Amino acid sequence: MSLPWLVADIGGTNARFGLVTRPGGQPEAVAVLDVSQHLGLADAVAAYLADHAGGVRPGAACLAIAGPVEDDRYRLTNAGWSGSVKELGIPRTVLLNDFEALAISLPRLAGDDLAPLGGPPPAAGLTKAVLGPGTGLGVAGLVPVREGWQPVPGEGGHVAVPVVTDLEMEIVRALHADGMPYVDAEHLLSGTGLPRLHRGLALVRGVTAEAPTGMTAAQMTAAQMTAAQITSSDDPLCVETVEVFLALLGGFAGGVALTLGARGGVYLGGGVLPRLVSRIPGSAFRARFETTAPALTEYASAIATVLITAEQPALTGAAAWLAQRNPDVELA
């Protein structure tokens, strides 16, 4: 297949695109498009190629989608895009779950691409896990195989939220009473979940729900707050929301580690955590990770937790997928 290759990371909020122009190369001409400003995937791809890639015709594409994929069909979990990649008109197009692509990127990340969040350094050659709160909550694994690495996609973000403390249980009960029949992990551990968690905590604390713009964050409803406001505010209710968020995330990450046997490390990505990197070390994140299953504390304590700080790791993973499966390529 001829170069260049189109690579993409399509989330519920942003669609990131790039071009790979040489075998083993990193994505170039990277651009981020607003999902809400495009009618669908074909429209966004056409806009990227016309406006940011000089109108080139890719010889192949690998698209990472934030939602379930099957053969040529995709559906974004947190946006209205769905359909078949056949409509793109690219000779060969491969669909991956977005965290499947993120998992494939892990062996290629090093140095400033990563920041430790506790535990020993990641063990080489062992199963890895990756998860992260963005618009939704993604999860995937990476298993060593004879040919290198095999990603294991999944929809683990939709398991039940791992509540442990009395406060966490009260928050879930309050959200149930507020009209949510089921609260899964993504409902609280995501960019859209943070405001919901803030609302649940406000209900537990008895904060007045209907407050006009201009009042303090503690007096505002979760519907009036955004994840960015909550993570940047020093209002006590917002600070406590972040503390609960990081504790729940630690427990969720510990559950993923135990489920996959991820002794090669648990890597955290997504768009929310970079805003919280300075607050993670002082939080309950690592303690909850290690004590997810008290009988296996020693096992969990030996697993690294690492924050992915690379700017576009899913694009790196999509490029790695194409290169791994197409060792003989033609230059256009």
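**Figure 1. Glu 168 and Arg 288 form a salt bridge.** In this predicted model, the closest N and O atoms of Glu 168 and Arg 288 are 2.8 Å apart. Glu 168 belongs to helix α3, which covers residues 166-177, and Arg 288 belongs to helix α8, which covers residues 285-290, so the salt bridge ties together parts that are 120 residues apart in sequence. Are these two partners buried or exposed? Glu 168 counts as buried because its relative accessibility is 5%, and buried means under 20%. Arg 288 is buried too, at 13% relative accessibility. As you look around the model, keep in mind that the count of salt bridges comes to 5; two others are shown in the next views.

**Figure 2. Asp 178 reaches Arg 199 in a salt bridge.** Here the closest N and O atoms are 2.8 Å apart. Where do the two residues sit? Asp 178 is in the loop between α3 and α4 (185-188), while Arg 199 is in helix α5 (residues 193-205), so this pair ties together parts that are 21 residues apart in sequence. Asp 178 is partly exposed, with 38% relative accessibility. Arg 199 is partly exposed as well, and its relative accessible area is 23%.

**Figure 3. Glu 240 and Arg 205 link two helices.** The pair forms a salt bridge whose closest N and O atoms are 2.4 Å apart. Glu 240 lies in helix α7, made of residues 236-260, and Arg 205 lies in helix α5, so parts that are 35 residues apart in sequence are tied together. Compare the surroundings of the two ends: Glu 240 counts as buried at 18% relative accessibility, whereas Arg 205 is partly exposed at 45%.

**Figure 4. Helices α5 and α7 cross each other.** This view steps back from the salt bridge to the helices that carry it. Two packed helices are described by the angle between their axes and the distance between the axes. For α5 and α7, the axes come within 9 Å and cross at roughly 115 degrees. The crossing of α5 past α7 is right-handed. Which residues of α5 take part? They are Leu 194, Leu 197, His 198, Leu 201, Ala 202 and Arg 205. On the α7 side, they meet Leu 237, Cys 238, Glu 240, Thr 241, Val 244, Phe 245 and Leu 248. Sorted by character, the residues of this contact divide into 9 nonpolar, 2 polar and 2 charged.

**Figure 5. Phe 17 and Tyr 48 form a stacked aromatic pair.** A search of the whole structure finds 1 aromatic pair, and here you can look at the two rings. A pair of aromatic rings is described by the distance of the centres and the angle of the planes. The rings of Phe 17 and Tyr 48 are 5.2 Å apart, centre to centre, with 20 degrees between their planes. The pair counts as stacked because planes under 30 degrees apart are given that name. Phe 17 is part of strand β3 (residues 14-20) and Tyr 48 is part of helix α1 (residues 41-51), so the rings tie together parts that are 31 residues apart in sequence. Phe 17 is buried, with a relative accessible area of 0%. Tyr 48 is also buried, at 0% relative accessibility.

**Figure 6. Ser 190 is a buried loop residue.** You can find Ser 190 in the loop between α4 and α5. Its relative accessibility is 0%, so Ser 190 counts as buried. Which residues does Ser 190 contact, leaving aside its neighbours within four places in sequence? They are Pro 133, Gly 134, Thr 135, Gly 136, Leu 137, Phe 245 and Val 272. Phe 245 may be familiar from Figure 4, where it appears on the α7 side of the helix contact.

**Figure 7. Leu 126 touches residues from elsewhere in the sequence.** Leu 126 is in the loop between β10 (114-116) and β11 (128-133). With a relative accessible area of 27%, Leu 126 is partly exposed. Not counting residues up to four places away in sequence, Leu 126 touches Pro 144, Trp 149, Arg 263 and Gly 264. Its C-alpha atom is separated by 7.1 Å from that of Ala 262, although these two residues are 136 residues apart along the chain.

Conventions:
Residues numbered from 1 in each chain as written. Predicted model: local features only at pLDDT ≥ 70, side-chain atom pairs only at ≥ 80, totals over all residues. Heavy atoms only, no water. Salt bridge = Lys/Arg side-chain N within 4 Å of Asp/Glu carboxyl O. Buried < 20%, exposed > 50% of the residue type's maximum accessible area, 1.4 Å probe, protein only. Phe/Tyr/Trp six-rings, centres within 6.5 Å; stacked < 30°, edge-to-face > 60°. Axes fitted to C-alpha atoms, helices over the stretch in contact; angles between N-to-C directions. Left-handed = near helix turned anticlockwise from the far one by under 90°. Contact = heavy atoms within 4.5 Å. Nonpolar A, V, L, I, M, F, W, Y, C, P; charged D, E, K, R; others polar.
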